[in-house]
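The following exercises are to be worked through with the sequence and the three-dimensional structure at hand. Each task is followed by a solution in steps.

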2 protein chains.
Amino acid sequence: MAYDAIETPFGKTDWIVGGAATYAAYAASNFIRPINQVSIVGYDFAQEEMDELTRRGVNLEGVEIVSDKKSFFWSGRYHMDMNTRDTLVTDLNVLTDFNPIIPESYQGSEFVMLGNVLPSLQISVVQQLKIRPKLIVMDTMNFWMDNALPDLKKLLTMVDVLLVNDSEARQLSGQFSLVKAAKEIQKMGPQYLVIKKGEHGALLFHGDQVFFAPALPLEEVFDPTGAGDTFAGGFIGHIAQTRDVSFENMKTAIIVGSAMASFCVEKFGPTRLKEITKRDIDGRIRQFVDLVNFDIELV
Amino acid sequence: MAYDAIETPFGKTDWIVGGAATYAAYAASNFIRPINQVSIVGYDFAQEEMDELTRRGVNLEGVEIVSDKKSFFWSGRYHMDMNTRDTLVTDLNVLTDFNPIIPESYQGSEFVMLGNVLPSLQISVVQQLKIRPKLIVMDTMNFWMDNALPDLKKLLTMVDVLLVNDSEARQLSGQFSLVKAAKEIQKMGPQYLVIKKGEHGALLFHGDQVFFAPALPLEEVFDPTGAGDTFAGGFIGHIAQTRDVSFENMKTAIIVGSAMASFCVEKFGPTRLKEITKRDIDGRIRQFVDLVNFDIELV
């Protein structure tokens, strides 16, 4: 949970709520409640944002509030293609003190999403869970591959699903072909691998099975910030709602995650996620069905 | 119809048959025969290649053989990502004399594919057809947008389907968003637009409708040369076979084209296209069905 300043070819905002846990919670709360949030914020994190999350069934008991520091702050500028961005400012602030403590009331959580953070902290969260969840999904990034690879590899043996983008999958596996990369990564632990390709969609790998979900072709991508975290929230939200961790259901979960991400990019930060209704979400999922549906007769 | 020298990270060939018409004919001949080929070659074009095409139902009456010049020759080197390449040599040779003449026996052809060549030559072909075909599909490239835009724009008013890649769609329309680009290009003439995104699949636009076909995730792309032309051949081959020019059937045609292209890239030049059987093609199409098929219940 954080604050961001974002500049895109279409506009600029100096101060908007953000952070992986915020996006994931907003997305997942459409499918399952409560969301047991674990995070850390500073004295500057607005009470109204906390209230809005609470109203949506997000339990904030596991969110530490530090009274003498600011929240994590990130500032970035997107290029015209929206796939590349420059980071202008990264103020860790409270994040330097982050030592996630799982509240007793969170024990027994069956579906766990580990947002992108220092791998040792993700490990700590898993180790605090007294009952092995039905599904542990993790996100990470190239920075930890460069700077915390031993911890990251340890964590990979503890989780079920890894979410990464294509360049991260290539870096982690040392393979250029995503099919080969997926095989290597499954050997490292996670039996399911989701490779996100931004505007080019996402791939799900499991053993020799593969599923592809497109991104919805949009007239305009206004702000891609948080799209990956929103995807993750929709993905695990659908799985938690259906309590079905099969490959077949994960395919649907990827479509749900893609639909949620397609809303996220329409406005700055999580603005659009706060507006949408169940009806909007169902309509968007129908667009995905139409987008890929075709008939063929094979003799 | 041409010869190529190709270098990829996986190997090198100094002399292999190529050319848009060759790839398109090999692909389409799996679905419809005869293929009425129009092209030009030099004295160096091997008789065995001609014989192989004839054996597959490719009518070569419209292929001019120039006895004192060589065939068009292209040489290129692919980078590791296989999406970018350097052209090393372009010897136009016979292509400088190309003035396509449609044989009388070709009149009445219902499904016409205009391969990528000087737009004035593509216009000439259309103008020679005494009966308007049921469907005219055209390919082109950025070079003609830079150097023959007035002819290209004239041609666009004469065709039904335009095939381009994403950067060409952006250049032609002046729009970055592919959704907006598709709207602009449809205003220029073609009522159907296929935007090819290489390893990221292809989009079909028609009015407000859009369909997405993924590329098959492959362990290895050995040589992408001709993949776009093979896609085009599979696309129009399926439409000619079914004689159905509806949007619904074009969706299937794009899957068929994608399946054919996925074979093409497995070996140098058209080598793999010469090997595959109907059974291979059906199996590959089934992989595409599995790749995108998902179940979702919306209440």
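**Exercise 1. The hairpin of chain B**

B:Ala2 stands opposite B:Gly18 in β2(B). The structure is a predicted model. Determine how strand β1 (residues 2-8) of chain B and strand β2 (residues 11-18) of chain B are joined, and in which direction they run.

*Solution.*
Step 1. Count the bridges: six of them link β1(B) to β2(B).
Step 2. Compare the directions: the two strands run antiparallel.
Step 3. Examine the connection: β1(B) and β2(B) make up a hairpin, with two residues between them.

**Exercise 2. The four-stranded sheet of chain A**

State the strand order of the open sheet of four strands in chain A, and identify its edge strands.

*Solution.*
Step 1. Read the order across the sheet, which is β2-β1-β5-β6 in chain A, with mixed pairing.
Step 2. Find the strands that pair on one side only; these are β2 (11-18) and β6 (85-91) of chain A, the edge strands.
Step 3. Assess the twist: neighbouring strands of this sheet are turned against each other by 15° on average, direction ignored.
Step 4. Inspect the pair that includes the edge strand β6(A). Strand β5 (residues 72-78) of chain A runs antiparallel to β6(A), and six bridges join the two. A:Tyr78 is positioned opposite A:Arg85 of β6(A).

**Exercise 3. The six-stranded sheet of chain B and its helices**

Describe the open sheet of six strands in chain B, then establish which strands are touched by helix α6 (residues 166-173) of chain B.

*Solution.*
Step 1. Establish the order: β7-β8-β9-β10-β11-β12 in chain B, again an open sheet, with mixed pairing.
Step 2. Locate the edges: β7 (111-114) and β12 of chain B each pair on one side only.
Step 3. From one strand to the next, the twist averages 15°.
Step 4. Consider one pair in detail. Strand β8 (residues 135-139) of chain B and strand β9 (residues 161-165) of chain B run parallel and are joined by three bridges. Here B:Val137 stands opposite B:Val161 of β9(B).
Step 5. Add the helices. Helix α6(B) packs on the sheet, where it touches β9 and β10 (192-196) of chain B, and its direction makes about 110° with that of β9(B). Helix α7(B) lies across β9, β10 and β11 (202-206) of chain B and runs at about 140° to β10(B).

**Exercise 4. Two helix pairs in chain B**

Are α3(B) and α5(B) roughly parallel or roughly perpendicular to each other? Answer the corresponding question for α9(B) and α11(B).

*Solution.*
Step 1. For helix α3 (residues 119-128) and helix α5 (residues 149-156) of chain B, the packing angle is about 30° and the axes are 8 Å apart. The two helices are therefore roughly parallel.
Step 2. α3(B) passes α5(B) in a left-handed crossing.
Step 3. List the contact residues: B:Pro119, B:Ser120, B:Gln122 and B:Ile123 of α3(B), with B:Asp151, B:Leu152, B:Lys154 and B:Leu155 of α5(B). By class, this contact has four nonpolar, two polar and two charged residues.
Step 4. For α9(B) and α11(B), the angle is about 115°, with the axes 9 Å apart. That makes α9(B) roughly perpendicular to α11(B).
Step 5. The crossing of α9(B) past α11(B) is right-handed. Among the residues that make the contact are B:Ile255, B:Ala259 and B:Phe263 of α9(B) and B:Ile281 and B:Phe288 of α11(B). The contact of these two helices has seven nonpolar, two polar and one charged residues.

**Exercise 5. The contact between the chains**

Which rotation superposes chain B on chain A, and which elements of chain B contribute two or more residues to the side that touches chain A?

*Solution.*
Step 1. A rotation of 180° with 0.0 Å of shift along its axis superposes chain B on chain A, with an RMSD of 0.0 Å. That is the relation of a two-fold axis.
Step 2. Find the residue of chain B that comes closest to the rotation axis: B:His200, at 2.9 Å (C-alpha).
Step 3. Compare the two surfaces: 100% of the contact residues of chain B recur in chain A, and the same surface serves both copies.
Step 4. Count the participants: chain B gives 31 residues to the contact and chain A gives 31 residues.
Step 5. Assign them to elements. In chain B, α7 (178-187), β12 (209-213), α9 (247-264) and α11 (278-292) each give two or more residues to the side that touches chain A. The largest share, six residues, comes from α11(B).
Step 6. Sort this side of chain B by class: 19 nonpolar, three polar and nine charged residues.

How values were computed. Residues are numbered from 1 along each chain as its sequence is written. Chains are lettered from A and ligands numbered from 1 in the order in which they are written. This is a predicted model: local features need pLDDT of at least 70, side-chain atom pairs count only at pLDDT 80 or more; totals for chains, interfaces and linings use all residues. Ala, Val, Leu, Ile, Met, Phe, Trp, Tyr, Cys and Pro count as nonpolar, Asp, Glu, Lys and Arg as charged, and the others, Gly among them, as polar. Axes are lines fitted to C-alpha atoms, for helices over the stretch in contact, and angles run from 0 to 180 degrees between N-to-C directions. Angles under 35 degrees count as roughly parallel, over 145 as roughly antiparallel, 65 to 115 as roughly perpendicular and the rest as oblique. A crossing is left-handed if the near helix is turned anticlockwise from the far one by less than a right angle, and right-handed if clockwise. Two residues are in contact if their C-beta atoms, placed from the backbone, lie within 7 Å. Copies are superposed by least squares on the C-alpha atoms of residues with pLDDT of at least 70 in both. Two strands pair if DSSP finds at least two bridges between them.
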